[in-house]
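I opened the notebook to record what I looked up in this entry. The notes run from whole chains down to single residues.

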Amino acid sequence: MDLLAQVPQLVVSGITLGCIYAIVAVGFSIIYSSTQVINFAQGEFVMIGAMVAAVLLAKTSLLVAFPAAVASGCLAGALVALFVLIPLKRASVISLIIITIGTSIMFRGLAQLFWGESAIPAPPFTGVAVQGYVEDREFHLFGAYIRAQELWVIGVTALLVVGMHVFFRYTLVGQAMRACAINQLGARIVGINARRMITASFIMAAGLGAVAGVVVSPVFYAKCNMGTALGLGGFCAAVLGGLGNFAGGVAAGIILGIVESLTGGLLWSDYKDAVAFVILLVILLIRPEGVLRKRAEA
Amino acid sequence: MLVETKALTRRFGGLVAVDQVDFQVRRGQTKALIGPNGAGKTTLLNLVSGLLPASSGDILIRGRSVVSCGPHEIAALGLARTFQNVQLFENMTVKENVMVGCHAWSKQGIASGALRWIGHWREEKLIEQEAERQLEFVGLSDLADFPAHSLPFGKQRMLEIARALASRPQVLLLDEPASGLSTRETSELAELLRQISVRGITILLVDHDMQFVMDISDEVVVLDQGRKIAEGTPAEIQVNPRVIAAYLGAEAK
């Protein structure tokens with residue numbers, strides 16, 4: 001079969017994967033901005049969202065499962081902020097980062113305990129019921145089949161990214177969170193409760209991750225260890241885009257998803273997961289401040 | 001009394017930076033804290049604004065003990081301050097800096113901010129207008145959309161004052177507001193502080209520029225090695241032998 005004919009299909013699945021990386025990257029950036037901590041539990045928030053959604057979708061409708069899954073993610077984020085990050089605020093940033101790795105392992109373990117090790121399929125949001133199970137609609141475009149669920153992933157990602165931009169740029173709370181990240185002393189003196197802002201940033205980042213998990217669960221299936229790969233991909237995207245730079249992280253996430261998908265489909269599928277890290281290493285060697293960030297911030 | 005300290009003490013290891021200091025700031029007055037280097041003036045401001053916990057003693061704002069309160073709680077009681085090294089949000093615009101200063105009185109919580117979009121939008125407008133008003137007051141209107149870090153130092157200090165005023169404070173603490181300013185900028189600052197005082201805002205400031213301090217203050221407190229050694233009107237302080245001795249002693253070292 002002609003390999004090149006597969007390219008459009010691979011690009012489509014790459015964009016879907018890249019959207020999830022993009023959301024995870026934004027989550028990394030939000031938490032990094034407010035605490036200087038790289039939260040390696042970020043991928044687990046996606047897993048929690050996906051698991052809760054997949055489990056609930058078997059019993060109830062999307063209208064119940066979606067909010068419940070996002071709320072579970074937010075709760076997990078709040079717990080990490082309130083019981084891990086804030087009590088340990090005197091610890092060095094590097095210890096906190098290592099603690100987030102521990103937290104991530106804990107979440108994964110708990111998920112395995114509660115939901116088992118096997119993948120749980122979730123029905124697509126807008127599928128058609130066929131003989132007892134739900135089949136997704138498909139669209140044909142530029143030589144590729146696009147599933148309705150993939151459009152959901154792309155649409156929801158776009159909505160979240162625009163929403164985050166508006167929130168941080170135009171709302172007072174968003175401005176206060178930015179202020180807290182830029183100058184914590186200045187923020188505290190004008191009456192901003194820094195602890196509350198840190199908690200809020202964790203809840204937001206976790207909520208975003210959980211939304212990503214919900215929309216992607218019909219595409220990838222929900223599995224207790226899915227957070228690791230998505231978290232690391234999102235981390236690479238965040239660093240490539242420049243930590244704290246939302247637009248950069250989103251662009252890097254989508255590019256990374258596409259490159260990974262093409263590598264897996266056309267070259268060596270065994271090395272698919274290594275792609276992100278090879279790119280990351282090369283970029284860190286030549287442009288440590290990230291590709292998409294302005295070189296000298298004047 | 002708007003602000004009152006009782007036997008306020010702060011130790012850093014063996015050093016007693018602020019030692020049993022009692023002083024009061026009456027509503028509406030402009031009061032200055034002066035003293036030789038290392039007298040404990042900035043430490044005292046940090047204690048009053050909640051950035052440092054006291055070792056012992058008490059601080060009252062509007063009669064309420066705030067000795068265990070964090071800076072955001074003290075800000076909510078109507079206290080605002082500026083720093084010797086300005087603490088701005090460098091990457092945000094001049095106007096955004098002042099808008100963030102409104103945080104103390106804005107009703108917008110995180111949840112309500114997300115839920116009540118309409119009321120929220122209205123308040124946002126109100127806050128923007130308030131920020132523009134404060135910028136006009138300190139003379140920075142034409143720089144509103146520039147990033148804060150692009151301003152020259154003297155203007156950054158004015159911006160920090162505008163941000164503090166945006167929180168609608170009852171008392172404004174200024175840590176060395178004239179340091180780093182030219183003679184002309186200092187006299188402009190003095191004029192601005194007089195106007196702030198006319199608006200009914202109480203001012204507590206620390207500065208080394210004696211002429212500036214004596215010019216604008218109603219009362220002066222002198223600290224030396226953490227202790228209060230004198231308190232009175234500028235005229236009384238200038239002839240107080242203990243004050244003269246403290247300053248001469250400091251200079252002789």
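The entries below take the two chains in turn and then a few helices and residues.

**Entry 1. Status of the model.** I note at the outset that this is a predicted model.

**Entry 2. Chain A, overall.** I looked up the secondary structure and found 11 helices and four strands in chain A. The radius of gyration of chain A is 19 Å, close to the 19 Å that the globule rule gives for 298 residues, so chain A is as compact as a globular protein of that length. I read the extent of its C-alpha trace along the principal axes as about 60 × 45 × 35 Å. Of the 298 residues in chain A, 50% count as buried. I also checked how far apart in sequence the contacting residues are. Taking contacts in chain A between residues at least 6 apart, 73% link residues at least 24 apart.

**Entry 3. Chain A, surface and charge.** The exposed area of chain A comes to about 13,500 Å², and 69% of it is supplied by carbon and sulfur atoms. I noted 17 positive and 12 negative side chains in chain A, with the centres of the two sets 19 Å apart.

**Entry 4. Helix 2 of chain A.** I tested the length of this helix, which covers residues 42–57. At 1.5 Å a residue its 16 residues should span 22 Å, and the end C-alpha atoms are 23 Å apart, which agrees. How many of its residues are buried? I found 14 of the 16 buried, and so recorded helix 2 of chain A as mostly covered.

**Entry 5. A:Ser104.** I located A:Ser104 in helix 4 of chain A, residues 93–115. Is A:Ser104 buried or exposed? Its relative accessible area is 4%, which is under the 20% cut-off, so I entered A:Ser104 as buried. Setting aside neighbours within four places in sequence, I found A:Ser104 in contact with A:Phe40, A:Ala41 and A:Glu44. Of these partners, A:Glu44 falls within the 42–57 range of helix 2 of chain A.

**Entry 6. Chain B, overall.** I moved on to chain B, which has 10 helices and 10 strands. A compact globule of 253 residues would have a radius of gyration near 18 Å, and chain B has 19 Å, which agrees. Its C-alpha trace spans about 60 × 40 × 30 Å along the principal axes. I recorded 54% of the 253 residues of chain B as buried. Among contacts in chain B with a separation of 6 or more, 67% come from residues 24 or more positions apart.

**Entry 7. Chain B, surface and charge.** Chain B exposes about 11,100 Å², of which carbon and sulfur atoms supply 51%. I noted 27 positive and 30 negative side chains in chain B, the centres of the two sets lying 6 Å apart.

**Entry 8. Helix 6 of chain B.** I ran the length test again on residues 153–166. The 14 residues should span 20 Å at 1.5 Å a residue, and the end C-alpha atoms are 20 Å apart, which agrees. Because 12 of the 14 residues are buried, helix 6 of chain B is largely enclosed by the rest of the structure. The buried residues include the charged B:Arg157, B:Glu160 and B:Arg163. After the helix comes B:Arg168, with a positive phi near 50 degrees.

**Entry 9. Other positive phi values.** Most residues other than glycine have a negative phi. I therefore wrote down two further exceptions in chain B, B:Gln20 and B:Arg62. B:Gln20 has a phi near 50 degrees and lies in strand 2, residues 15–25. B:Arg62 has a phi of about 50 degrees and sits in the loop between strand 4 (56–61) and strand 5 (64–65). I recorded B:Arg62 as partly exposed, at a relative accessible area of 42%.

**Entry 10. B:Ser197 and B:Thr233.** I found B:Ser197 in helix 7 of chain B, residues 183–198. Beyond four places in sequence, B:Ser197 is in contact with B:Gly28, B:Thr30 and B:Ile203. B:Thr233 is in the loop between strand 10 (227–232) and helix 9 (234–238) of chain B. B:Thr233 is partly exposed, with a relative accessible area of 32%. Which residues does B:Thr233 touch, not counting those up to four places away in sequence? I found B:Asp218 and B:Glu219. The C-alpha atoms of B:Thr233 and B:Ser217 are separated by 7.9 Å, at 16 residues apart along the chain.

Conventions:
Residues numbered from 1 in each chain as written. Chains lettered and ligands numbered in written order. Predicted model: local features only at pLDDT ≥ 70, side-chain atom pairs only at ≥ 80, totals over all residues. Heavy atoms only, no water. Helix = DSSP H or I, 4+ residues; strand = E, 2+ residues; numbered from the N terminus. Rg over C-alpha atoms; globule rule 2.2 N^0.38 Å. Buried < 20%, exposed > 50% of the residue type's maximum accessible area, 1.4 Å probe, protein only. Contact = heavy atoms within 4.5 Å. Areas by Shrake-Rupley, 256 points an atom, 1.4 Å probe, with all protein chains shown as cover. Charge placed at Lys NZ, Arg CZ, Asp CG, Glu CD. Expected span 1.5 Å × (residues − 1).
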